[in-house]
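Here is a quick tour of one model, going from a single residue out to the whole fold. Have the structure open and follow along.

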Amino acid sequence: MWPLARRSRKMTRLLFLNQSLSSNPKPISHSHTYYNYSVSRSFHNSISNLSLAFLHPIRSPAIRAFCSKPSSAVGVGSPPSMTEEISYLTQREAAEIDEILMGPLGFSVDQLMELAGLSVATSIAEVYKPSEYNRVLAICGPGNNGGDGLVAARHLHHFGYKPSVCYPKRTAKPLYTGLVTQLESLSVPFISVEDLPLDLSKDFDIIVDAMFGFSFHGSPRPPFDNLIQKLVCINNYNQTHQKSSAIVSIDIPSGWHVEGDGGAEGIKPDMLVSLTAPKLCAKKFFGPHHFLGGRFVPPSIADKYKLRLPPYPGTSMCVRIGRPAQVDISALRENYISPEFLKEQVEADPFDQFRKWFDDVVAAGLREPNAMALSTASKNGKPFFYSSSRMVLLKGFDKNGFVWYTNYESRKAHELSENPHASLLFHWDGLNRQVRVEGSVQKVSDEESDKYFHSRPRGSQIGAIVSKQSTVVPRRHVLYDQYKELEEKFSDGSIIPKPKNWGGYRLKPELFEFWQGQKSRLHDRLQYSPKEINGQQVWKIERLAP
Ligand SMILES: Cc1cc2nc3c(=O)[nH]c(=O)nc-3n(C[C@H](O)[C@H](O)[C@H](O)COP(=O)(O)O)c2cc1C
């Protein structure tokens, strides 16, 4: 395949591009099946320069779930919405896509393998936290699927897992020997088939099934036939025990036919990571976690094969497809690990302490560190319920208080006019911290509001004029029509006057509470309240029970 691909690369590229424009594409011949790949996405949020132990081991990026009906056909056009169908590839299409990627599109097998392995590792990290599922066994076959498993094992090591590898039929090509060397340099143990325990569930939390990919056909030969049986036993074990190893199959569960399934006796993985696009057999996958990896599919391939695939969120290397994960809400809990938070070590002044923690959040790169819940209450419960909360953005703080901006005719404004006391709550999940600030509230001066209003993007300024916040809007487009009108009016760049009903509030703190999550729910809580000593106002610091 390689000499051919190199010799005719230019010609093939032209052929491919022509075909991608054709409404009835002529299949490209594929006498040498290599393998099919897709990408994944970049990983977690940036790691902060704070101590790693201080952060959650895995920052979970937002995942979007996409539904796929088991009976779906290959879709058309733009990416599917939440309820639309996604595409499945036949074996022939999967092989063709590989040929195009590694032919006219100039990808190398090493690149695709790296991206595939990274997709698999990030998919695993999305679902199985290293704190709970630490011990991973990657069972790698002799081909490219096995190579993906080796790469995934390396990334999993760097993500904080403890991978081991079973690689019984090693491939002597430099790409593979290099992958082995890389794992050995990380002291990742290689376990022979003979040394594997009878029941893999006892020793491993996750088994990565990287034996065979979509080009596999026929019956698995030793030792893979037995290894597949071991995974089938885990399925059986699963039915009778509370917790056993989770099986993660790469692209295709080993032993399954790419356009069929594994039969009643086949592996039933808990997670399937489809690469490039799901293969037809993925319709028969009914496990809880189906992910797509392979974010390198260019539009020309997507168009040619009329691929309907979900968009990858943010910089992610994987995206959940299929039905969303079923979670047992009552079982959702974190065990926080944070440094000690001691009364003797905190700042005497809560504003200084707040500044310190706020700087930590900024350094950790958490999203919207200035987002806070603002709770207000009306005086007597009328016309609304007794109290209400909403998120607002902190726009400044100093010894005079905490400032945010809003509409002076909104619900919160009505409540504040009746009862000028409020509570602010910051929750910085990545640092296991929250801060509560309570106090009295006043409007900021008109000059201060005016200055801030004109520092905002012009679109936000117009938006503030258009929105009669908290009132009923008859139809969505009403807002857009008004917005367009004003946009037109101020298109000459003239100053947009701040509406009278828009401005800032300042909360003057009378109480602070700094909270930090700790193991076994023994969290730290330090409260600052004002106290007068010898006619002087000081802050009293007390530890509260968690
Ligand atoms: C992260 C976030 C930040 C927000 N920031 C503001 C803000 O700074 N000012 C504001 O008026 N509304 C903000 N909102 C919208 C409010 O939460 C709320 O919907 C709106 O102020 C109306 O609230 P009310 O009807 O209770 O007065 C924000 C919402 C979110 C999710």
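D209 sits in strand β3, which covers residues 206–210; strands here are DSSP runs (E, at least two residues) and helices are runs of H or I with at least four, all numbered from the N terminus. This is a predicted model, in which local features need pLDDT of at least 70 and side-chain atom pairs count only at pLDDT 80 or more, while totals for chains, interfaces and linings use all residues. Residue numbers start from 1 along each chain as its sequence is written.

Why pick D209? The unreviewed UniProt entry lists D209, together with N145 and S254, under "binding site". The three span 110 residues in sequence, yet no two of their C-alpha atoms are more than 9.6 Å apart, so they gather at one spot. UniProt positions are given in the numbering used here, feature names are shortened, and such annotations may be inferred rather than shown by experiment.

S254 is in the loop between β4 (246–250) and β5 (271–275). The table puts it beside D209 and S123, a residue of helix α4. Buried means 20 or more other C-beta atoms within 10 Å of a residue's own, exposed means 12 or fewer, and partly exposed is in between, with C-beta atoms placed from the backbone.

| Residue | C-beta neighbours within 10 Å | Class |
|---|---|---|
| D209 | 28 | buried |
| S254 | 26 | buried |
| S123 | 30 | buried |

Contacts are pairs whose C-beta atoms, placed from the backbone, lie within 7 Å. Leaving aside neighbours within four places in sequence, D209 touches a list that includes I139, L231, I247, S249 and S254. On the same terms, S254 is in contact with D209, M211, F212, I228, S249 and I267.

Now for helix α4, residues 109–127. At 1.5 Å a residue, its 19 residues should span 27 Å, and the end C-alpha atoms are 27 Å apart, which agrees; the expected span is 1.5 Å times one less than the number of residues. Of those 19 residues, 15 are buried, so the helix is mostly covered. S123, on this helix, lies 8.0 Å from M317, C-alpha to C-alpha, although 194 residues separate the two in sequence. Beyond four places in sequence, S123 is in contact with M271, V273, F291, G293 and C318.

What about the nonpolar cores? A core is a set of buried Ala, Val, Leu, Ile, Met, Phe, Trp, Tyr and Cys residues joined through C-beta atoms within 7 Å. The largest one has 81 residues, and L137, A138, I139, V165, I206, I207 and V208 have the most contacts inside it. Helix α4 gives this core its largest share, 9 residues. A second, separate core of 31 residues includes F354, M372, L374 and L431.

The ligand has 16 residues around it, with R390, M391, T406, S410 and S470 coming nearest; a residue counts as near if its C-beta atom, placed from the backbone, lies within 6 Å. β9 (387–393), β11 (401–407) and α11 (411–418) each supply at least two residues of this shell, and β9 has the largest share, 5 residues.

Zooming out, the protein comes to 14 helices and 16 strands. Of its 546 residues, 37% count as buried. Among contacts with a separation of 6 or more, 72% join residues 24 or more positions apart.

Key
Two residues are in contact if their C-beta atoms, placed from the backbone, lie within 7 Å.
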